[in-house]
Amino acid sequence: RPRGSRWIHYMVENSASSSAMTDLEPRDTDSVVGDLNEVAMLDDLQVTEEIDLGPDDVPPPDEESELGDGSVMGSGDEMEEMAMEDYGQDKAGAAGASADAAAPSEPVEDLSVQCLRAHTSAVFAVAVNPAQPHVFATGGGDDVAHLWRLGSEAPMAALRGHTDSVSSVGFSADGSYLATGGLDGAVRVWAADGSLVVLLEGPTQGINWVCWHARGHVLLAGSEDATAWMWKVPEGSVMQIFSAHSASVSYGGFANGGRSVITASEDGTIRLWNPRAGTVEHCTHASPPHEPEAVTCLAPHPSQAVYLFGVESGAVKIAHAESGKLLASLPAHEDSVEAASFCECMPLAATGGMDGKLCIWDLNTYGLRHTCLHGAGVIEAVWRRSSPLVFSC
């Protein structure tokens, strides 16, 4: 209590008539105690004495509050000083952490041939024209795709029309068409000069990937709405709808020399389809059905009837594209496998995972040939065409 305040001492007069106490009707047997010295009503309190405290009077001992560890709380000034010290330490620590976070990192050496800037948001997809390797396309979060020519700083054409991020791009085998898929659910096909050829509609949700047939102008695309679609270009007619998955169709393409369609989904299954009938020929579960795992990458072999896939737990498996039979499990990764691809000229395959490993596999023995370690997760692994050279990032 502050010094100089007035203490008012209350006491209960035992002279309060016992008859008055006797006449009280108990309101609650749990809250009323039979001791006559207990205050039962406000009127029982009587002021018997008023004491003025001087500036030198010390508060009674019960004003001090003991802490749980037996220590006694200090005065208000001491507590304020302690609080200010703690605040100063916290502020200094936060400032130090902020300074550490703001400290510039070491500059990264730029070994690129050229840096191209046109997108105003993240770039999500890149594709090279197989007929003209100096021409490539990009798609970004700014809802625009760009056509580029190596050596030119400005894009050849800006491909506009999507109303959401351009999530996938791909050139036809002869390089005459470019397909762009967007999270708006639309697929647009463009000519080599950047003019729009046809707008392909059908999926009701975002497009995850697009893939051209190796020997014709047939386009395949997978959607977040659990379906895959196949169109004929440039007519834009729907050739087939593949519907059996119960979740987003994350990966897909043509398998078995182009005679089959293969799709992989977040529902944990890989399905081989008859493209003419639109029926499922084989369904492979990436993991036991009672413990489904999303398929995180898929790679059909460009010429042989096999395919490779990976899952979230780090498992890598290879299966036959005609029978659907599982051929081998390739244990090496300890985290989600994000990339898989086959070498065209040698019996080799590559897988990349979030554990920072790029693994090279021998397809004759299904043994691990090499492990290349990265400083972070590997999200892409691509073999150079007709060469045993693999690129990863």
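**Aromatic pairs**

I searched the whole structure, a predicted model, for aromatic pairs and got 5. I looked at two of them in detail.

I began with F136 and W148, which form a stacked pair. Their ring centres are 6.4 Å apart, and I noted 10 degrees between the planes. The planes count as stacked because the cut-off for that class is under 30 degrees. I then checked where the two residues sit: F136 is in strand β4 (residues 135-140), and W148 is in strand β5 (residues 145-149). The pair therefore ties together parts that are 12 residues apart in sequence. I looked up burial as well, and both F136 and W148 are buried.

Next I took Y177 and W212, also a stacked pair, with 6.2 Å centre to centre and 10 degrees between the planes. Y177 belongs to strand β8 (residues 177-182) and W212 to strand β11, so this pair links parts 35 residues apart in sequence. Are Y177 and W212 buried or exposed? I found a relative accessible area of 15% for Y177 and 9% for W212. Y177 is therefore buried, and W212 is buried too, because the limit for that label is under 20%.

**The sheet that holds β11**

W212 led me to strand β11, and I looked up its sheet. β11 belongs to an open sheet of 4 strands in the order β11-β12-β13-β14, and the pairing is antiparallel. Which strands stand at the edges? They are β11 (207-212) and β14 (237-243). Each has a single partner strand, so one side of each has no neighbour in the sheet. I also noted the turn between neighbouring strands of this sheet, which is 20 degrees on average, direction ignored.

Inside the sheet I followed one pairing. Strand β12 (residues 218-223) runs antiparallel to strand β13 (residues 227-232), and I noted 5 bridges between them. I picked out L220, which stands opposite M230 in β13.

**The chain as a whole**

Last, I looked up totals. The secondary structure of the protein chain comes to 2 helices and 28 strands. Of the 393 residues in the protein chain, 37% are buried. I checked contacts with a separation of 6 or more, and residues 24 or more positions apart account for 39% of them. For the accessible surface of the protein chain I have about 22,300 Å², with 52% of it belonging to carbon and sulfur atoms.

Notes: Residues are numbered from 1 along each chain as its sequence is written. This is a predicted model: local features need pLDDT of at least 70, side-chain atom pairs count only at pLDDT 80 or more; totals for chains, interfaces and linings use all residues. Side-chain values use heavy atoms; hydrogens and water are left out. Two strands pair if DSSP finds at least two bridges between them. Axes are lines fitted to C-alpha atoms, for helices over the stretch in contact, and angles run from 0 to 180 degrees between N-to-C directions. Rings of Phe, Tyr and Trp (its six-membered ring) pair if their centres lie within 6.5 Å; planes under 30 degrees apart count as stacked, over 60 as edge-to-face and the rest as tilted. Buried means under 20% relative accessible area, exposed over 50%, partly exposed in between (1.4 Å probe, protein chains only). Contact means heavy atoms within 4.5 Å. Accessible areas come from the Shrake-Rupley method with a 1.4 Å probe; for residues, only the protein chains shown count as cover.
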